[in-house]
Amino acid sequence: MSTRIAFLKGHGTENDFVIVPDPENALDLSPAAVAALCDRRAGIGGDGVLHVVRSAAHPEARAMAAEAEWFMDYRNGDGSVAEMCGNGVRVFARYLQHAGHVAEGDLTIATRAGVKTVHIAKDGDITVGMGRARLPQGDVTVTVGERSWPARNVNMGNPHAVTFVADLAHAGDLYTAPPVSPAATYPDGVNVEFVVDRGPRHVAMRVHERGSGETRSCGTGACAVAVATARRDGTDPAVTGTPATYTVDVPGGRLVITERPDGEIEMTGPAVIVAEGEIDAEWLAHAFG
């Protein structure tokens, strides 16, 4: 390991990430190292780490190398591994453009939830093909304090429980994960979204992200919210035959989600690189010793 490790900092609707370019997968980013990097007081600070690796160099992505040159090895802020991060994919794409690896237009990115199609528009927004939602059967309930609500189980490559509330303040402080029952529905934990209506096909949300706590935005969560809202509203594209587009306000900005009749979901929003520098490798080696 060199004495200095390059990093960048970026965000998508204020869901922020430490970006670590490592094309040949030479760095050993342990869970403790990731948590140290994401620490907002003792580290760089972020909701997660985007480990940028060539697909051919990573054992989890080699099978996707023919379809996508780059693999988003995403880690949550607590160091745990995540299947997918929608805002992270946009920031990952912005980094690839920033580094000169890709230009405006279409590209593909490998993730643990499969290969994602991405479009970098001239106006700066980035659209990600998020795949199809799965809607597992079974009743789910979310509880905060003395209040409980039914929730929709939506899987976007990672698990979500979406519940509609009268006031986003009812979500509480979201420092800890809201209890979801039955617990066996989500054996590996779950992202929980609280949703209120803002207008026709326009909602706002807060989210507790599994492994990170409340974040300013969650891309897969916004998609899950749009899917759940479309079912609630009777605008399921598979039934109506027309796309359903929802504007989803998050604390850090705004995302636009479109679900097509074939089930494919697209998410459009901003992605920004705000800084770049070097990590002291000796600090990283001892930060969690």
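Begin by selecting Arg201, which is partly exposed, with a relative accessible area of 36%. This is a predicted model, and the stops below should be read with that in mind. Arg201 sits in the loop between E12 and strand E13 (202-209), and its backbone is worth a look, for phi is positive at about 50° although the residue is not a glycine. Most residues other than glycine have a negative phi, and most peptide bonds are trans.

Two further backbone features can be visited with that in mind. Select Leu174 next, in the loop between strand E10 (159-164) and E11, where phi is near 60°, again a positive value in a residue other than glycine. Leu174 counts as buried, at 2% relative accessibility, whereas Arg201 is partly exposed. Then move to Ser181 and Pro182, which are joined by a cis peptide bond with an omega of about -5°; Pro182 belongs to the loop between strand E11 (180-181) and strand E12 (191-199).

From here, select Arg132, which lies in strand E7 (residues 126-132), and show Glu264 together with it. These two residues stand 132 places apart along the chain, yet their C-alpha atoms are separated by 4.9 Å. Their side chains are joined by a polar contact of 2.8 Å, and a polar atom of the Arg132 side chain also lies 2.8 Å from the backbone oxygen of Asp262. Leaving aside residues up to four places away in sequence, Arg132 touches Asn155, Asp262, Gly263 and Glu264.

The next stop is Lys9, in strand E1 (residues 4-12). Is this lysine buried or exposed? Lys9 is buried, because its relative accessible area is 16%, which falls under the 20% cut-off. Its side chain reaches the backbone oxygen of Gly45 at 3.0 Å. Showing the surroundings of Lys9 brings up residues from several parts of the chain, for its contacts beyond four places in sequence include Asp16, Phe17, Val18 and Ile19, then Ile44, Gly45 and Gly46, and also Val272, Ile273, Val274 and Ala275.

Now select helix H1 (residues 31-38), in which Ala33, Val34, Ala36, Leu37 and Cys38 are buried. To see what covers these buried residues, add strand E2 (15-21), strand E3 (48-54), strand E4 (70-76), strand E18 (272-280) and helix H5 (281-286), which are among the covering elements.

Turn next to the cysteines, and colour their sulfur atoms. How many disulfides does the structure hold? The structure holds zero disulfides. Cys85 is in none, and the nearest cysteine sulfur, that of Cys218, is 6.6 Å away. Cys85 counts as buried, at 4% relative accessibility. Select Cys223 as well: its sulfur is 8.7 Å from the closest cysteine sulfur, in Cys218, and this is too far for a bond because a disulfide needs the two sulfur atoms to be within 2.5 Å. Cys223 also counts as buried, with a relative accessibility of 0%.

These cysteines lead into the enclosed spaces, for the structure holds two cavities of 30 Å³ or more. The largest cavity contains about 80 Å³ of space, and its lining includes Cys85 and Cys218, along with Tyr74, Asn76, Met84, Glu209 and Arg210. By class, that lining divides into five nonpolar, four polar and two charged residues.

Cys223 belongs to the lining of the second largest cavity, where Ala226, Val227, Ala230, Tyr246 and Ile265 are among the other residues. The elements giving two or more residues to this lining are helix H3 (219-233), strand E15 (244-250) and strand E16 (253-259), and H3 gives the most, with four residues. The space amounts to about 40 Å³, and the lining has eight nonpolar, one polar and one charged residues.

Finish at the largest pocket, which holds about 150 Å³ of space. Select Leu135, Pro136, Gln137, Gly138, Asp139 and Val140, and then add Pro150, Ala151, Arg152 and Asn153, to display its lining. Which element gives the largest share of that lining? Strand E9 (residues 147-155) does, with four residues. Colouring the lining of the largest pocket by class will show five nonpolar, three polar and two charged residues.

Terms used: Residues numbered from 1 in each chain as written. Predicted model: local features only at pLDDT ≥ 70, side-chain atom pairs only at ≥ 80, totals over all residues. Heavy atoms only, no water. Contact = heavy atoms within 4.5 Å. Polar contact = N/O pair within 3.5 Å; in protein donor to acceptor, adjacent residues only side chain to side chain. Buried < 20%, exposed > 50% of the residue type's maximum accessible area, 1.4 Å probe, protein only. 1 Å grid on protein atoms, 1.4 Å probe; cavity = no way out; pocket = protein on both sides within 12 Å on 5 of 7 lines; lining within 4 Å. Points joined across faces, edges and corners; volume = space filled by probe spheres on them. Nonpolar A, V, L, I, M, F, W, Y, C, P; charged D, E, K, R; others polar.
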